[in-house]
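Subject: A structure to look through

Dear colleague,

I am handing over a structure that I would like you to open beside this message and read slowly. My notes follow it, arranged by topic, so that you can find each place as you go.

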Amino acid sequence: MGIEIRQLRMVCAIAERGSITRAAADLELTQPALSKQLQGIEELLGGTLFVRSRTGVVPTELGRRTVDRARIVLSEVDSLFGTPGRPLPSTEPLHLGCADLACVPSVADRVQDDRLGRAVVLHVEPSAAALADALAQGRFDAGLLATTEGDEVPLGRAVTSRVLVPRFPWFVALAADHWAAGREHVRLAELGEESWIGPPGAVSAEVFRAACLKAGFDPRIRFRAPSGGAWELVTRGHGIRLVEPTATAPAGAVVRPLAGDPLTARLAVAWRLDRLTAAQADLLHHALAQAHLAHVADNPAFLRWWQSHPEVHPVR
């Protein structure tokens, strides 16, 4: 017997809530009922998906792989069977919001053509919350959203989404002469005495601080700056900063993985059901996937991570 869609939703709910009790409430089940369902799913998959932690439950390696693929499957199912909407024919430009990612130039290359039947105006928006709000309010027609695990961004009723990459790690940017610049990996716990530049817009201050506290320190944030200004501060040795793993460091800086992936994010394509047809949404999803994939090899450390995690690769 194969696993069912409802069981995949249960697994994802437990992972997202970090608690069987909280997930059960969301799913309108009792805690014992969900625990029994989880036990059956684990027997079906042949291994433990979650282990207890001080604050609830956390996924095992099998659990993480299962959740990553489940999110993609559920995204495809929801995209296929969700409310299709009836977008009116339009020759107006399509306003596409995009997270401030290294793939932005490739996004511009791949969506600026006539395959969508409309010209595209690209808006780079560093804040995931602001991008989601612009979609809900109708200022954007579609968007490429990066959201950090544990910091979900609600979408409006007229907006749907489809997972592009269910999980990727945040890396850290350091000055080229930083003591950890020569390391293959850097432990977050080793960075407790550092001066930090405020996290990127896809990482809330609360989630960043929670990860640091879990690593044993309260982060000292001395600077808040946009990406361009942040790089200048990094290269001059004034502070360090979280960056996406495809980020290309300028001269005087390096980008290194954080051991154990203490902070991870998700990439999704979102669009208004009244603005894009299903066919246009499919074309946009494919174009954005190709734009992201074009930059995976920009950082050899991320390329190695990517090759060892096929469960997060976009559905082609």
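Before anything else, a residue is called buried here when its relative accessible area is under 20%, and exposed when that area is over 50%. With that cut-off in hand, Trp-306 can be placed: its relative accessible area is 6%, and Trp-306 is therefore buried. Please keep in mind throughout that this is a predicted model, and that the values below are computed from it.

Aromatic rings

A pair of aromatic rings is described by the distance of the centres and the angle of the planes. A search of the whole structure finds five aromatic pairs. One of them joins Phe-302 and Trp-305, whose ring centres are 5.8 Å apart and whose planes differ by 15 degrees, so that the pair counts as stacked, the cut-off for that being under 30 degrees. Both Phe-302 and Trp-305 belong to helix H10, which covers residues 300-307, and they sit three residues apart, or about one turn of the helix.

Phe-302 also pairs with Trp-306, again at 5.8 Å from centre to centre, but here the planes make an angle of 55 degrees and the pair is tilted. Trp-306 lies in helix H10 as well, four residues from Phe-302, which is again about one turn of the helix. Are these partners buried or exposed? Phe-302 and Trp-305 are both buried, and for Phe-302 the relative accessible area is 0%. Taken together, Phe-302, Trp-305 and Trp-306 form one aromatic cluster with Phe-171.

Helices that pack against each other

Two packed helices are described by the angle between their axes and the distance between the axes. Helix H5 (residues 104-111) and helix H9 (residues 278-293) have axes that come within 8 Å and cross at roughly 140 degrees. That angle makes H5 oblique to H9, and the crossing in which H5 passes H9 is right-handed. On the H5 side the contact is made by Ser-106, Val-107, Arg-110 and Val-111, while H9 contributes Leu-284, Ala-287, Leu-288, Gln-290 and Ala-291. Sorted by class, the residues of this contact between H5 and H9 are six nonpolar, two polar and one charged.

For a second example, please turn to helix H1 (residues 5-17) and helix H3 (residues 31-45), which pack at an angle of about 110 degrees with their axes 10 Å apart. H1 and H3 are therefore roughly perpendicular to each other, and H1 passes H3 in a left-handed crossing. Which residues make the contact? From H1 they are Arg-6, Gln-7, Met-10, Val-11 and Ile-14, and from H3 they are Leu-34, Gln-37, Leu-38, Ile-41 and Leu-44. This contact of H1 with H3 divides into seven nonpolar, two polar and one charged residues.

Val-11, a residue of helix H1, deserves a separate look. Its relative accessible area is 1%, and Val-11 is therefore buried. If neighbours within four places in sequence are left aside, Val-11 is in contact with Ile-41, Leu-49, Phe-50, Thr-66 and Val-67. Val-11 and Trp-305, by contrast, are 294 residues apart in sequence, and their C-alpha atoms are 24 Å apart in space.

Residues in loops

Most residues other than glycine have a negative phi, and most peptide bonds are trans. Glu-28, which is not a glycine, nevertheless has a positive phi of about 60 degrees. Glu-28 is placed in the loop between helix H2 (20-26) and H3, and because its relative accessible area is 73%, Glu-28 is exposed. Asp-261 has a positive phi too, near 50 degrees, and is found in the loop between strand S11 (253-257) and strand S12 (264-272). The relative accessibility of Asp-261 is 17%, so Asp-261 counts as buried.

The last residue in these notes is Gly-138, in the loop between helix H6 (128-137) and strand S5 (142-148). Gly-138 has a relative accessible area of 18% and is therefore buried. Not counting residues up to four places away in sequence, Gly-138 touches Arg-272 and Arg-275. Gly-138 and Asp-109 are 29 residues apart along the chain, and 24 Å separates their C-alpha atoms.

With best wishes

Technical notes. Residues are numbered from 1 along each chain as its sequence is written. This is a predicted model: local features need pLDDT of at least 70, side-chain atom pairs count only at pLDDT 80 or more; totals for chains, interfaces and linings use all residues. Side-chain values use heavy atoms; hydrogens and water are left out. Rings of Phe, Tyr and Trp (its six-membered ring) pair if their centres lie within 6.5 Å; planes under 30 degrees apart count as stacked, over 60 as edge-to-face and the rest as tilted. Helices (H or I, at least four residues) and strands (E, at least two) are DSSP runs, numbered from the N terminus. Buried means under 20% relative accessible area, exposed over 50%, partly exposed in between (1.4 Å probe, protein chains only). Axes are lines fitted to C-alpha atoms, for helices over the stretch in contact, and angles run from 0 to 180 degrees between N-to-C directions. Angles under 35 degrees count as roughly parallel, over 145 as roughly antiparallel, 65 to 115 as roughly perpendicular and the rest as oblique. A crossing is left-handed if the near helix is turned anticlockwise from the far one by less than a right angle, and right-handed if clockwise. Contact means heavy atoms within 4.5 Å. Ala, Val, Leu, Ile, Met, Phe, Trp, Tyr, Cys and Pro count as nonpolar, Asp, Glu, Lys and Arg as charged, and the others, Gly among them, as polar.
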